[in-house]
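Hello,

Here is the structure I promised to pass on to you. Have a look at it first, and then read on for what turned up.

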Amino acid sequence: MLRPMARRTPQVTIYQPRWADDDYMHRPKSFDPDIAVAIIERIKNGETLNAVCSNNRDYPLPGTFLEWLEQEPDMNARYRRAKTIQTELLVDGILEDGKAGTWDAAARVNAGKIYAEKTDPARYGPRAVVFNMPPLEAEPQSDAAKVSVKAKVNQIVERIAARKRKTEEAS
């Protein structure tokens with residue numbers, strides 16, 4: 001007896017925000033330098049902005065924090081330095097994962113390499129290789145060699161002129 005094939009039901013994805021609606025209302029909206037410094041310090045220690053902001057309701061949402069950085073150039077510079085330090089910690093973690101040799105080490109190393117290349121391309125991006133080509137026609141090193149080359153060229157020119165004269169006399 002044959003069983004009917006089961007039909008696949010389409011998978012429906014429902015968007016669920018990371019934060020509840022009431023959470024948006026209770027988060028700080030105006031710039032607070034103490035909170036900004038605390039967030040930057042945690043980022044310096046390797047945490048991501050989403051992780052820092054989602055685990056503490058006293059901190060603003062990540063988008064609000066990034067808006068704060070646009071308004072405060074000093075904090076923006078500190079945040080950029082913290083992200084550079086975070087990238088250094090990430091690269092150290094990649095090296096540790098690669099040495100550990102766990103089953104997911106290759107995937108984690110590749111993801112970390114891509115992230116490091118994108119966040120700090122000057123330091124971790126692909127390098128351009130420059131080859132210095134020798135000139136196509138290198139000049140002789142010594143004066144004697146220059147004289148001998150000139151003599152050979154003069155001999156060839158004289159032979160060509162002699163052939164030309166012979167063909168003109170024959171015609």
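**What turned up in the model**

Let me start with helix α6: its buried residues pack against α5 (73-100) and α7 (121-124). Please keep in mind that this is a predicted model. The protein chain has an average pLDDT of 80, and 75% of the residues score at least 70. Confidence is highest in α2, at 95, and lowest in helix α1 (residues 21-26), where the mean is 70.

Back to α6. This helix covers residues 105-119, and at 1.5 Å a residue its 15 residues should span 21 Å; the end C-alpha atoms are indeed 21 Å apart. Its buried residues are A105, V109, G112 and A116. Looking down the axis of α6, you will find these buried residues within an arc of 70 degrees, so they line one face of the helix. The face turned away from that buried side carries A106, A107 and K118, which are exposed.

Helix α4 (residues 62-71) can be read in a similar way. P62, T64, F65, W68 and L69 are its buried residues. They fall within an arc of 160 degrees when seen down the axis of α4, so they too line one face. On the other side of α4, E70 and Q71 are exposed. The cover over the buried residues of α4 includes α2 (33-44), α3 (49-54) and α5.

Which residues have the most contacts inside the largest nonpolar core? That core has 15 residues, and the ones with the most contacts are I39, I40, I43, L49, F65 and Y79. The elements giving two or more residues to this core are α2, α3, α4 and α5. With five residues, α2 gives the most. If you would like one residue to click on, try I39: beyond its neighbours within four places in sequence, I39 is in contact with L49, V52, C53, Y59, P60 and F65.

Finally, the aromatic rings. The structure holds three aromatic pairs. One of them is F65 with Y79, an edge-to-face pair at 5.8 Å centre to centre, with 70 degrees between the planes. F65 lies in helix α4 and Y79 in helix α5, so this pair ties together parts that are 14 residues apart in sequence. Both partners are buried: F65 has a relative accessible area of 0%, and Y79 is at 6% relative accessibility. F65 and Y79 also belong to one aromatic cluster with F31 and W68.

Best wishes

Definitions and conventions. Residues are numbered from 1 along each chain as its sequence is written. This is a predicted model: local features need pLDDT of at least 70, side-chain atom pairs count only at pLDDT 80 or more; totals for chains, interfaces and linings use all residues. Side-chain values use heavy atoms; hydrogens and water are left out. Helices (H or I, at least four residues) and strands (E, at least two) are DSSP runs, numbered from the N terminus. The expected span of a helix is 1.5 Å times one less than its number of residues. Buried means under 20% relative accessible area, exposed over 50%, partly exposed in between (1.4 Å probe, protein chains only). The arc is that of the directions from the helix axis to the C-beta atoms. Contact means heavy atoms within 4.5 Å. A nonpolar core is a set of buried Ala, Val, Leu, Ile, Met, Phe, Trp, Tyr and Cys residues joined through side-chain atoms within 4.5 Å. pLDDT is the predictor's confidence in each residue, from 0 to 100. Rings of Phe, Tyr and Trp (its six-membered ring) pair if their centres lie within 6.5 Å; planes under 30 degrees apart count as stacked, over 60 as edge-to-face and the rest as tilted.
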